Amino acid sequence: MKYSVRVNGAVQAVEADADTPLLWVLRDKLHLKGTKFGCGTGMCGACTVHLNGAATRSCLISIASLGSGVVTTIEGIGKTPVGKKVQQAWLDIDVVQCGYCQAGQIMSATALLTKNIKPSDADIDRAMAGNICRCATYSRIRSAIKLAAGLPMTDSRGADA
Amino acid sequence: MKAFDSGPEKSDDSGIMHARRAFLQASAAIGGGLLLEFMLPMRGFGRTNPNAAGDGGILGAYVRISPDGLVTITSKNPEIGQGIKTMLPMLIAEELDADWSKVRIDQALSDPATYGRQFAGGSRATPLNWEPMRRVGAAARQMLVLAAAQTWAVPPGECQTSLGVVRHAPSGRTLTYGALASKAAVLAAPDLKTVTLKDPKDFRIIGTPQRGVDSPAVVTGMPLFGIDVDVPGMRHAVFVKCPVFGGTVNHANLDAIRAAPGVSHAFIVSGGQTFDGLVSGVAIVADSWWAAAKARRKLEVDWNEGPTAAQDSAGFATQAAALGPQPPAQSIARDGDVDAALASAAHVIEAAYSYPFLAHAALEPQNCTAHVQGTKAEIWAPTQNPDSGRKIVAKTLGLAEADITIHMMRCGGGFGRRLMNDYMVEAAWISREVGGPVKLLWDREDDLRHDFYRPAGFHFFKGGLDSTGTLVAFRDHFISFGAGGKFANSAGLQAAEFPARFVPNLDLGTTLIELGIPTGPMRAPGSNALAFAFQSFIDELAFAAGRDPVQFRLDLLGPPRVYAGFPGPNGPAPDFDSGRMRAVLERVAERSAWGTRSLPARSGLGAAFYFSHLGYFAEVVRASVDARGSVRVDKVWVAADIGSHVINPLGAENQVQGAAIDGISAALGQAITIERGRAVQGNFDDYPLLRIDRAPPVDLHFVISDNPPTGLGEPALPPVIPALCNAIFAATGKRIRKLPIDPAELSLA
């Protein structure tokens with residue numbers, strides 16, 4: 001089947017089976033390797049992209065169901081002001097260990113900060129709990145989100161600890 | 001990559017040993033200009049003592065300086081998230097006196113003839129490279145100084161270096177490294193043993209926070225990882241193995257698979273009997289990974305499951321329970337008379353501890369891209385141990401090792417899993433069968449069900465306290481896995497396990513159960529399990545003695561002293577300095593305000609320490625347990641002694657935080673259960689990893705000591721698990737003697 005996919009501001013023609021997940025269209029047809037495969041079941045968040053601005057697990061969305069949906073990936077998110085700020089915060093805080101999950105983390109964080117410019121720790125927990133970091137860079141992910149939001153980088157949880 | 005003569009040193013007619021002529025080369029840079037290339041045979045390290053630190057190869061490094069002053073340093077080891085690609089070049093750049101902002105880092109190919117051993121394991125890169133890499137930088141600096149001194153006709157001793165510039169102090173003249181590169185390139189190289197290293201007080205890069213060199217590419221989604229490799233004409237493969245470990249293919253519906261859309265090949269691989277090699281399975285090759293994965297759903301295989309189908313976790317537990325009270329089959333350590341000491345002890349405490357198999361669950365599933373053409377192979381692999389993979393591929397495919405090129409791709413996590421190269425030989429085999437480049441990619445279920453697991457284990461402890469609450473007798477009967485008197489991979493117990501030598505009467509013994517399940521090293525192998533059992537039982541002893549658990553441990557450690565390591569199969573175990581451990585334990589108690597806190601109901605603090613990978617770590621966990629038994633870790637405090645320098649503090653903190661949360665993640669919910677010879681868990685629903693909402697803040701403090709710096713990938717993990725379990729005891733009065741922690745045991749309902 002032939003499809004037109006709107007990715008990062010361009011319309012791309014793709015030939016793929018109807019049930020091909022967006023993840024594999026991005027990675028293997030469009031050669032956008034930044035979006036990662038981790039579990040194939042929407043549980044790890046490594047494949048997170050934005051679909052019409054919402055953080056979405058691309059391993060669960062088939063190309064046939066995409067329609068005219070607008071897709072933004074890690075390769076394109078730096079063109080948005082929030083995405084650029086989040087990427088810079090990730091560098092400033094030095095979040096990365098292996099880095100494999102970080103594209104998905106940045107996509108989820110950007111979706112959060114686009115809707116909620118001053119997230120609380122609880123907001124961060126809710127928005128980011130779908131993204132596993134096997135290296136457990138969670139403290140720095142939290143700090144980077146706060147830095148990007150211009151918030152103090154203290155962790156309000158367990159403040160008495 | 002240049003070939004390098006690793007033959008014996010030659011002496012000239014005068015009998016003076018001199019550097020290899022191939023040591024340095026000036027060559028044309030791409031785009032013009034000259035490169036100063038160093039290839040440094042690391043004389044004095046490993047070469048003169050092939051057994052030094054177990055690293056027998058020639059270490060080497062590669063430094064290039066272009067006329068514009070850009071310094072390119074090659075990082076020799078695989079990057080798995082431990083930050084080595086940033087840290088090793090920092091060591092070279094420090095002694096080179098380079099301007100770090102003008103340093104570019106290249107990843108080396110797997111090339112042991114040039115670089116010596118290239119691996120990521122055992123937290124060994126720091127101790128093995130701390131001095132050799134600095135000597136590389138110092139040698140390069142010395143040559144640049146000499147080139148400047150000759151240009152100015154002044155003594156080299158009058159020249160100083162700073163940020164990529166040589167300065168002649170008396171005249172104030174300066175020359176940049178870029179301007180000196182071509183001149184330095186034709187000078188004789190100094191002997192690495194004699195080059196002068198900096199006084200550590202002059203360090204400008206070591207000890208300063210440096211961000212990961214690949215992070216800009218990571219945050220913008222550039223292709224870096226093994227899974228991102230694209231080779232022209234590449235096909236995509238899945239490889240289906242028997243769910244029962246060691247099982248083989250009898251028959252498969254290959255014709256139906258070949259007829260599936262996009263599929264070009266489907267075939268049976270016979271394989272051999274070694275898990276870290278090619279095993280039996282069915283390969284499906286298609287024009288996309290999705291097509292191969294879809295075709296796999298139609299695959300029907302008649303398996304010969306083999307003898308391991310009779311094994312399961314419940315059976316191991318039953319066997320262990322029967323063996324525990326029996327005398328051990330083998331003794332590991334024996335001091336004094338434990339039976340007599342227990343008979344006369346004022347209190348005898350007995351407890352059984354156990355822990356499960358664990359999977360590594362690196363987020364990037366195993367994958368490898370291979371192109372085998374005739375007698376040559378090119379391989380792109382996320383691997384922690386490329387040369388071991390090369391040997392397996394060479395042996396399995398009948399190729400010469402020299403004809404196999406391995407590109408070490410960034411690894412989406414390692415944790416020890418990628419020390420094994422089973423996926424590499426699978427990709428190479430499939431590529432040869434297909435006659436073209438192939439990318440093999442496992443799915444998550446393949447990854448969790450075909451791992452080299454952290455072995456399960458069972459400990460039957462007895463401890464005796466005298467009337468003053470002093471530990472006078474300690475016994476462990478460790479029921480582990482193995483055969484023929486040999487432990488399975490990473491299932492061992494050493495004679496130096498604490499409290500050995502710190503208690504007068506001690507008996508450590510083991511009985512082994514035969515195992516058909518592959519096991520292997522996982523982050524802090526051995527230690528990640530033993531710390532839980534030993535440091536939890538020591539906590540029980542402290543409470544039985546009516547003593548504060550930190551004070552009890554300090555008393556047990558006693559006055560500072562150093563015990564030499566026992567000889568073992570891999571050379572001598574490291575020395576243990578109880579003074580260093582005391583210091584970190586005292587420091588973590590201070591940092592966590594141990595003994596001075598009043599905590600709410602069902603909240604508690606727990607402490608533990610552990611020595612592994614040459615690192616001294618003491619940790620305190622604060623945990624809270626709700627009415628349903630759900631455990632929340634509120635905070636972790638870590639005090640660590642890894643020697644005189646923390647090379648990259650920014651990376652170091654990340655490693656320690658990650659390791660602590662990794663341990664908590666495992667303790668709170670992870671287990672691989674074996675049923676009928678198969679691993680039950682297959683994805684993150686039944687093998688949960690800790691998420692951000694449960695990840696505690698980690699407070700880290702380094703105790704700086706006058707010892708060579710040691711590694712950080714692993715040693716922060718082991719003590720966090722017993723510290724957590726001891727905190728749960730403080731919060732609830734219930735001992736966690738079995739991992740993972742079961743909320744039902746802690747529920748008030």
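## Talking through the two-chain model

Colleague: Let's start with a proline: where is P740(B) found?
Modeller: This is a predicted model, so its features are read as predictions. Helix α17 covers residues 720–732 of chain B and α18 covers 743–746. P740(B) is found in the loop between α17 and α18 of chain B.

Colleague: Is the peptide bond from L739(B) to P740(B) cis or trans, and what is omega?
Modeller: The bond to look at is the one from L739(B) into P740(B). That peptide bond is cis, with omega near -5°.

Colleague: And which loop holds P499(B)?
Modeller: P499(B) follows F498(B) through a peptide bond that is cis, with omega near 20°. As for its place, P499(B) is in the loop between β22 (486–487) and β23 (505–513) of chain B.

Colleague: How confident is the predictor in chain B, by mean pLDDT?
Modeller: The model as a whole scores ipTM 0.98 and pTM 0.93. In chain B, 91% of the residues reach a pLDDT of 70 or more. The mean pLDDT of chain B is 91.

Colleague: Over which residues of chain B does pLDDT stay under 50?
Modeller: One such stretch is residues 1–36 of chain B, for which the model has 81 contacts beyond four places in sequence. Another has 72 contacts in the model beyond near neighbours in sequence, and its pLDDT is below 50. The two stretches are residues 1–36 and residues 40–61 of chain B.

Colleague: Now a sheet in chain B: in what order do β6, β7 and β8 lie?
Modeller: The three strands form an open sheet with antiparallel pairing. Its edge strands, each pairing on one side only, are β6 (159–162) and β8 (173–176) of chain B. The twist averages 25° from one strand to the next. The order is β6-β7-β8.

Colleague: Which residue stands opposite T161(B) in β7(B)?
Modeller: Four bridges join β6(B) to β7(B), which run antiparallel. The two strands form a hairpin with two residues between them, and L163(B) in the turn has a positive phi of about 45°. Opposite T161(B) stands V166(B).

Colleague: Which side chains of β6(B) point to the buried face?
Modeller: The side chains alternate along β6(B). Q160(B) and S162(B) point to one face and are not buried. On the other face, pointing away from those two and buried, are C159(B) and T161(B).

Colleague: Which residue in β8(B) stands opposite R167(B)?
Modeller: Strand β7(B), residues 165–168, pairs with β8(B) in the antiparallel sense over four bridges. Opposite R167(B) in β8(B) stands T174(B).

Colleague: At what angle does helix α3 of chain B run to β7(B)?
Modeller: Helix α4 (residues 177–184) of chain B packs on the sheet, touching β6, β7 and β8, and its direction makes about 75° with that of β8(B). Helix α3 (residues 125–152) of chain B lies across β6, β7 and β8 too. Its angle to β7(B) is about 45°.

Colleague: What span should the twelve residues of helix α10 of chain B have?
Modeller: Helix α10(B) covers residues 386–397, and each residue counts for 1.5 Å. The expected span is 1.5 Å times one less than the number of residues. The end C-alpha atoms lie 16 Å apart, which agrees with the expected 16 Å.

Colleague: What do the buried residues of α10(B) pack against?
Modeller: Among the buried residues of α10(B) are P386(B), I392(B), V393(B) and L397(B). Just after the helix, G398(B) takes a positive phi of about 70°. The buried residues pack against α2 (112–115), β16 (367–373), β17 (376–381), β18 (404–408) and α11 (422–434) of chain B.

Colleague: Is A524(B) buried or exposed?
Modeller: A524(B) lies in the loop between β23 and α13 (527–544) of chain B. Its phi is near 60°, a positive value in a residue other than glycine. Buried means under 20% relative accessible area. With a relative accessible area of 0%, A524(B) is buried.

Colleague: Last one: with which side chain does the side chain of R140(A) make a polar contact?
Modeller: R140(A) is found in helix α7 (residues 138–149) of chain A, and R140(A) is buried, with a relative accessible area of 4%. Its contacts beyond four places in sequence include D94(A), L650(B) and Q657(B). The polar contact, at 2.5 Å, is with the side chain of E653(B).

Definitions and conventions:
Residues are numbered from 1 along each chain as its sequence is written. Chains are lettered from A and ligands numbered from 1 in the order in which they are written. This is a predicted model: local features need pLDDT of at least 70, side-chain atom pairs count only at pLDDT 80 or more; totals for chains, interfaces and linings use all residues. Side-chain values use heavy atoms; hydrogens and water are left out. Buried means under 20% relative accessible area, exposed over 50%, partly exposed in between (1.4 Å probe, protein chains only). A polar contact is a pair of N or O atoms within 3.5 Å; within protein, one must be able to donate a hydrogen and the other to accept it, and residues adjacent in sequence count only if both atoms are side-chain atoms. Contact means heavy atoms within 4.5 Å. Two strands pair if DSSP finds at least two bridges between them. Axes are lines fitted to C-alpha atoms, for helices over the stretch in contact, and angles run from 0 to 180 degrees between N-to-C directions. pLDDT is the predictor's confidence in each residue, from 0 to 100.
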